[in-house]
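Here's a quick tour of what holds the ligand, followed by a look at the cysteines. Have the model open as you read.

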Amino acid sequence: MSPSNAIVVYDIPGNCSEDRVWSPNTIKIRYVLNHKKLPYRVEWVEFPDFAAVAQKLGAPPTGRGRKGPTFSIPFIYDPATSKYVSNTIDIARYLDAAYPNTPPVFPAGSESLIAAFDDLWHEKGVPPMFPLMVPFVHSQLNPASQPYFRKTREAFMKKPLEELCTPDNEPALLAAFEKALGRFDAYMGDHSPFVMGKNITYADASMAGWLTWMKRVRGPESRAWKAVESWQGGRWKRLMEAFAALEHFPEGGIVAKL
Ligand SMILES: N[C@@H](CCC(=O)N[C@@H](CS)C(=O)NCC(=O)O)C(=O)O
C-alpha cells in the first residue's frame, strides 16, 4: 500500500505528549495498525466537531441519543475499499478481514471470547480509572475541546472536575483501580505478557490502550502511573513493555475539515 493510499485515522489532539496522542480508544487502533504494519495518517478533530465531521464524511454512528444518532472517535477511512468504519472493536475486526495477510488480532476461533473479555474490561477495568483521569485529560486538551469535555464529563460523573481526584481521595481511587486490575491479573494467570500468551490480540491492545492513556496523561513518572506499574507483580509494566515497540505514532496530521 502506497502512503497516498494510507488509512486515515480520525483522532482528538491533546498536549500531554509531543505527538499529541492521548485518546485511549484511538491508541488501541494505532497499536493494531502498527502491529499489522499498515501505514496510516491522522486527521485531528476537536470534541465539539465529531458529529459534524463524521456526518459530513459518512462515518457510521456508534450510538443513539435522544436527539438521534451519536458519533465517536476513533473512526477510520480506508481508501483501498472506500469505507468508513467506526467503533474501535469493529475497526479492529474490519482490519483483520480486509488485510488477511497481516497478523490477526482476533486469532481464528477467538472472536467471541475476546469480545466478551473486552466487554468485561470496559465494565470493570475502565470505570475506576475515570475519576483518576478525567480532570487531567481536560487540562491537556486544546481550548477548543475543553468546554465540551467539561460539560459532558461533569454530567456523566455528577461532580465538578475539580472534586473528582484530590490529594485526600486519590489513595482510595488508586486502591479501587488496583482491586479492579486484580481481577484481570487473575484471568490472565500464567499467560504473559499477553492474554493468549506470546501473541498480541485485540484484548491486549484494548487494555494497553487504556493503560497508555493513563501513562501519557498522568505522566510516565507520576505517582499514579508508578503505582500501576508496581501492582500484581509488575503484570501491567510487562504488558506495557511488550507494547513499547508499537508506541510510535506518525508525527503531524492535519485538522479534519468541517
Ligand atoms: N464505542 C466507541 C466509544 C469511543 C469513545 O467513547 N470515544 C470518545 C473519545 S475518547 C468519544 O468519541 N466520545 C464522544 C463524545 O464525547 O462526544 C468505541 O469503542 O470506539
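In this predicted model, a polar side-chain atom of R153 sits 2.7 Å from an oxygen atom of the ligand. T88 and Y148 make polar contacts of this kind too (a pair of N or O atoms within 3.5 Å). Here they are side by side:

| Side chain | Distance to a ligand oxygen |
|---|---|
| T88 | 2.6 Å |
| Y148 | 2.4 Å |
| R153 | 2.7 Å |

On its own the ligand exposes 510 Å², and the protein buries 74% of that (areas by the Shrake-Rupley method with a 1.4 Å probe).

Who else is around? The ligand's surroundings also include I12, S23, N25, F47 and F50, with near meaning a heavy atom within 4 Å. By class, that shell has six nonpolar, five polar and one charged residues; Tyr and Pro count as nonpolar, Arg as charged and Gly as polar.

Now the cysteines. A disulfide is a covalent bond between the sulfur atoms of two cysteines. How many disulfides does the structure hold? Zero, with a pair counted when the sulfur atoms are within 2.5 Å. The reason is distance: the sulfur of C16 has its closest cysteine sulfur in C165, 16 Å away, so that is too far for a bond. C16 is partly exposed at 24% relative accessible area, while C165 is buried at 14% (buried is under 20%, exposed over 50%, partly exposed in between).

Residues are numbered from 1 along each chain as its sequence is written, and side-chain values use heavy atoms, leaving out hydrogens and water. As the model is predicted, local features need pLDDT of at least 70 and side-chain atom pairs count only at pLDDT 80 or more, while totals for chains, interfaces and linings use all residues.

Note on methods. A polar contact is a pair of N or O atoms within 3.5 Å; within protein, one must be able to donate a hydrogen and the other to accept it, and residues adjacent in sequence count only if both atoms are side-chain atoms. Buried means under 20% relative accessible area, exposed over 50%, partly exposed in between (1.4 Å probe, protein chains only).
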